[in-house]
Amino acid sequence: MAIKLPIYMDNHATTPVDPRVVETMLPYFHEKFGNAASRNHSFGWAAEEAVENARAQIARLINATPKEIIFTSGATESNNLALKGAAEMYREKGNHIITQVTEHKAVLDTCKRLEKYGYEVTYLPVAKDGRIDLDDLRRAITAKTILISIMYANNEIGVVQPVQEIGKIAKEKGVLFHSDGVQALGKIPVDVQKDNLDMISLTAHKLYGPKGCGALYVRRRNPRVQLSAQMDGGGHERGMRSGTLNVPGIVGFGKAAELCQNEMAEESVRLRGLRDRLKDTIFSKLDEVYINGSMTHRLPHNINISFAFVEGESLLMGINDVAVSSGSACTSATLEPSYVLKALGVGEDLAHTSIRFGLGRFNTQEEVDYVTSRVIEVVQRLRELSPLYEMAKEGIDLSKMNWSASAEH
Amino acid sequence: MAYSDKVVDHYEHPRNVGTLPKEDPNVGTGLVGAPECGDVMRLQMKINPETQVIEEAKFKTFGCGSAIASSSLATEWVKGKTVAEALSISNTDIVRELNLPPVKIHCSVLAEDAIKAAIADWKKKKETSTPAATATGD
């Protein structure tokens with residue numbers, strides 16, 4: 001079967017919209033284009049019906065009720081709403097928030113802003129496997145703790161946190177538990193009751209839905225969570241998020257959620273098989289390769305590998321018909337290596353050599369085999385160019401060398 | 001970020017990849033950068049002691065496409081030049097030749113440093129004038 005190039009394997013960054021989702025969205029652009037808040041005519045009613053249908057589809061995927069789904073512009077906004085909304089609302093109760101160091105910037109930077117407003121934030125460390133220590137969490141909780149925010153699964157290393165246990169602890173101590181569920185939704189089972197979640201941030205574009213559409217699950221019973229709105233205006237979404245709803249986007253989100261509900265079990269088995277095939281082939285053909293993060297508690301379609309002595313951007317350049325990403329400083333806008341890998345204790349030298357593969361619904365075995373052979377080929381070629389590989393093979397301990405970094409570095 | 005054609009060319013067909021014997025008294029070795037920075041360049045030159053002409057140059061680089069291209073270009077440029085001419089190569093010449101964007105200028109600086117470091121190593125070896133006293137490029 002002919003492979004179509006370039007191949008996309010960066011499904012943690014975004015996903016292609018499933019054609020079935022696109023089809024479901026189209027009528028809402030030009031036929032049923034009404035504003036869902038237009039209460040007095042059929043255009044509005046049709047849009048409202050579609051939105052409520054999508055709300056139910058999304059709620060079903062996480063075992064919530066439709067009234068608990070608040071639509072936003074994306075998970076970044078959902079994270080902002082959850083953290084700032086809860087912080088403001090529960091200010092009288094306390095001012096302490098607990099999160100952890102490998103969170104997405106949407107959480108970390110929001111926490112930094114809250115610190116400027118006088119809130120105290122504890123950033124729990126993670127172990128080498130990428131997971132927090134539950135005892136660290138217990139010890140960190142004080143009488144003033146109002147919120148715990150721990151991501152369900154990490155976007156760079158795919159590691160899944162012990163969410164059920166965190167939820168139990170939070171419930172015991174009467175602290176609200178929010179999770180950034182962007183990478184987990186539709187890939188592994190998420191159940192707000194079993195996981196004792198009070199809030200979870202969701203987005204459409206990581207599950208083969210459109211960009212620009214997200215949601216926040218906000219618990220209504222045991223306890224009833226209240227949030228201070230961050231977007232003021234017409235009072236939409238039970239007063240929690242004003243703004244005309246992105247009806248086509250929401251319809252797409254709902255359809256994408258329904259497809260995941262139906263296909264997730266089978267899809268995750270298939271993708272795990274492909275991921276393991278990629279990993280095992282690379283490990284059988286190359287030396288000095290390392291996996292970043294736990295393999296046991298990991299999303300089935302993710303792998304993050306460091307290829308020692310080969311810098312990430314040069315590797316990406318070599319496999320330029322494959323789309324993946326790297327933790328190398330050269331590939332980041334700020335020229336800083338990945339802070340997630342740093343938090344795992346991965347040395348900066350290895351961080352620069354890391355590549356993240358995110359498989360998805362539309363990847364095939366042929367594509368995986370092609371990518372694997374390209375990666376192996378390019379790594380071998382670049383190791384021929386690498387002074388570090390040569391020195392390591394000669395038995396030189398690179399960590400003991402006195403490097404003369406240029407003054408500019 | 002799109003790469004310039006010249007950077008891609010050097011990446012696909014790097015010039016003068018390899019290793020010269022460090023112990024050779026006429027070989028200068030420059031090892032610059034650091035693995036933690038994601039950039040390490042090793043530039044070696046074989047220099048004729050009488051004419052001071054750089055007869056041979058080899059490089060190996062751990063770094064991005066622009067770093068590989070900068071060091072590959074450096075070996076191309078120094079070959080056939082005298083030490084004095086090679087010392088006058090500046091990073092801005094490299095930036096111009098490869099069309100490096102601002103975020104990659106530091107790669108050209110490292111290449112210029114590598115040239116100077118290799119020459120400095122060769123000079124040091126000549127001064128001590130004992131074949132065994134070779135710098136390890138530290």
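**Exercise 1. Strand β8 of chain A**

Which residue in β8(A) is the bridge partner of A:I200? Work this out, then describe the surroundings of the strand.

*Solution.* A word on the ground rules: this is a predicted model, in which local features need pLDDT of at least 70, side-chain atom pairs count only at pLDDT 80 or more, and totals for chains, interfaces and linings use all residues. Residues are numbered from 1 along each chain as its sequence is written, while chains are lettered from A and ligands numbered from 1 in the order in which they are written.

Step 1. Find the partner: A:I200 bridges to A:Y217 in β8(A). Strands here are DSSP runs of E with at least two residues, helices are runs of H or I with at least four, and both are numbered from the N terminus.

Step 2. Place the pair in its ladder. Strand β7 (residues 199-203) of chain A is joined to β8(A) by five bridges, and the two run antiparallel; strands count as paired if DSSP finds at least two bridges between them.

Step 3. Look at another partner. Strand β2 (residues 69-72) of chain A is joined to β8(A) by four bridges, again antiparallel, with A:T72 bridging to A:G214.

Step 4. Check burial. In strand β8 (residues 214-218) of chain A, five of five residues are buried (20 or more other C-beta atoms within 10 Å of the residue's own; exposed is 12 or fewer, partly exposed is in between, and C-beta atoms are placed from the backbone). A:G214, A:L216 and A:V218 cover one side, and A:A215 and A:Y217 the other.

**Exercise 2. The largest nonpolar core**

Describe the largest nonpolar core and say where it lies.

*Solution.* Step 1. Start with the size: this core has 159 residues, and A:Y217 and B:A114 have the most contacts inside it. A nonpolar core is a set of buried Ala, Val, Leu, Ile, Met, Phe, Trp, Tyr and Cys residues joined through C-beta atoms within 7 Å.

Step 2. Ask who contributes. Helix α8 (residues 247-285) of chain A gives the largest share, 12 residues.

Step 3. Locate the core. Both domain 1 (7-11 + 264-396) and domain 2 (19-260) of chain A supply residues, so the core lies between them; the domain bounds come from an automatic or database domain assignment.

Step 4. Return to A:Y217. Not counting residues up to four places away in sequence, A:Y217 touches several residues, including A:I62, A:V192, A:M199 and A:L202; contact is defined by C-beta atoms, placed from the backbone, within 7 Å.

**Exercise 3. Two domains, two chains**

Characterise the contact between the domains of chain A, then the one between the chains.

*Solution.* Step 1. The C-alpha centres of domain 1 and domain 2 of chain A lie 30 Å apart. Their contact takes 20 residues from domain 1 and 21 residues from domain 2.

Step 2. On the domain 1 side, α8, β10 and α10 (339-343) of chain A each give two or more residues. That side divides into six nonpolar, 11 polar and three charged residues. Here Ala, Val, Leu, Ile, Met, Phe, Trp, Tyr, Cys and Pro count as nonpolar, Asp, Glu, Lys and Arg as charged, and the others, Gly among them, as polar.

Step 3. Between the chains, 27 residues of chain B are in contact with 28 residues of chain A. Elements giving two or more residues on the chain B side include β2, β3 and α5 (105-128) of chain B. By class, the chain B side has 15 nonpolar, seven polar and five charged residues.

Step 4. Inspect β2 (residues 39-47) and β3 (residues 54-62) of chain B: they pair antiparallel over eight bridges. B:L43 has B:F59 as its bridge partner in β3(B). The two strands form a hairpin with six residues between them, and B:Q52 in the turn has a positive phi of about 60°.

**Exercise 4. Around A:P300**

Is A:P300 buried, exposed or partly exposed? Place this residue in its setting too.

*Solution.* Step 1. A:P300 sits in the loop between β9 (289-291) and β10 (302-307) of chain A.

Step 2. Count neighbours: A:P300 is partly exposed because 19 C-beta neighbours lie inside 10 Å.

Step 3. Beyond four places in sequence, the contacts of A:P300 are A:K187, A:S268, A:L271, A:R272 and A:R275.

Step 4. Follow the flanking strands into an open, antiparallel sheet with the order β9-β10-β13-β12 (chain A). β9 and β12 (325-326) of chain A each have a single partner strand, so one side of each lacks a neighbour in the sheet.

Technical notes:
Contact = placed C-beta atoms within 7 Å.
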